[in-house]
Amino acid sequence: MTNEVIQNILTRCSVRAYDDRPVEREKIDMLLQCAVHAPSAMNRQTWHFSAVLNREKIAKLTAAVGKALGNEKYDMYKPAALIIPSNELIGDTGITSWDNACALENIFLAAHSMGLGTVWINQLSDTCDVPEVRAVLTEFGVPEKHKVFGIAAIGYAAAETPVKEKKFPVTYVE
């Protein structure tokens, strides 16, 4: 009962070590197309996406986040690219974070289908408004009133990453 989509979902895993190859611009463009085709609460589409393809600029953001976290060794796994979704805050319902989560999942699944590795980086949800971090995000085009809930680190895996067995905490109610 599987097909290519289901197989892609079942074999995707987080990659935390990348080689030095850059990610082709065409692949990043396609990942962004997949991101904007994710569900959006009430179809508001209040999101914005910043694609960072320059390793020096990624290192600049990494250093600012590491400083905010008090962790000088923080490195975001040294990816070749980042896609940073951000969104306007709409009340306190968390709706905008759901939009970003859906967009990130589309990115992760599409990247896997292209032979790219990805991992969710969550530390910006707590540090995006630290002045040094916000300055870098602003430089990257993230709108001032937007919050970053998570980002996609993207690159070619340095080594094969095995798919780990998943827990199956499911209750069927019939």
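This passage walks through the overall build of the protein and then turns to one residue, Leu 32. The model is a predicted one.

Starting with the basic parts list, the protein has six helices and five strands. Read from the N terminus, these elements come in the order α-α-β-α-β-α-β-α-α-β-β. So the chain opens with two helices and ends on two strands, going by that order.

As for overall dimensions, a box of roughly 50 × 40 × 30 Å along the principal axes holds the C-alpha atoms. The radius of gyration is 16 Å, and this agrees with a compact globule, because a globule of 174 residues would be expected near 16 Å. Contacts in the protein reach a long way along the chain: counting pairs at least 6 apart in sequence, 80% link residues at least 24 apart.

Turning to the surface, 41% of the 174 residues count as buried. The accessible surface adds up to about 10,400 Å², with carbon and sulfur atoms making up 55% of that area. On the charge side, there are 18 positive and 21 negative charges, and the mean positions of the two groups lie 3 Å apart.

Leu 32 gives a closer look at how the chain comes together. This residue sits in helix α2, which covers residues 25-36. Leaving aside residues up to four places away in sequence, Leu 32 touches Phe 49, Ala 51 and Ile 83. Pro 85 is 53 residues from Leu 32 in sequence, yet the two C-alpha atoms are 9.7 Å apart in space.

Key. Residues are numbered from 1 along each chain as its sequence is written. This is a predicted model: local features need pLDDT of at least 70, side-chain atom pairs count only at pLDDT 80 or more; totals for chains, interfaces and linings use all residues. Side-chain values use heavy atoms; hydrogens and water are left out. Helices (H or I, at least four residues) and strands (E, at least two) are DSSP runs, numbered from the N terminus. Contact means heavy atoms within 4.5 Å. The radius of gyration is taken over C-alpha atoms; the globule rule is 2.2 Å times the number of residues to the power 0.38. Buried means under 20% relative accessible area, exposed over 50%, partly exposed in between (1.4 Å probe, protein chains only). Accessible areas come from the Shrake-Rupley method with a 1.4 Å probe; for residues, only the protein chains shown count as cover. Lys and Arg count as positive and Asp and Glu as negative; His and the chain ends are not counted. The place of a charge is taken as NZ of Lys, CZ of Arg, CG of Asp or CD of Glu.
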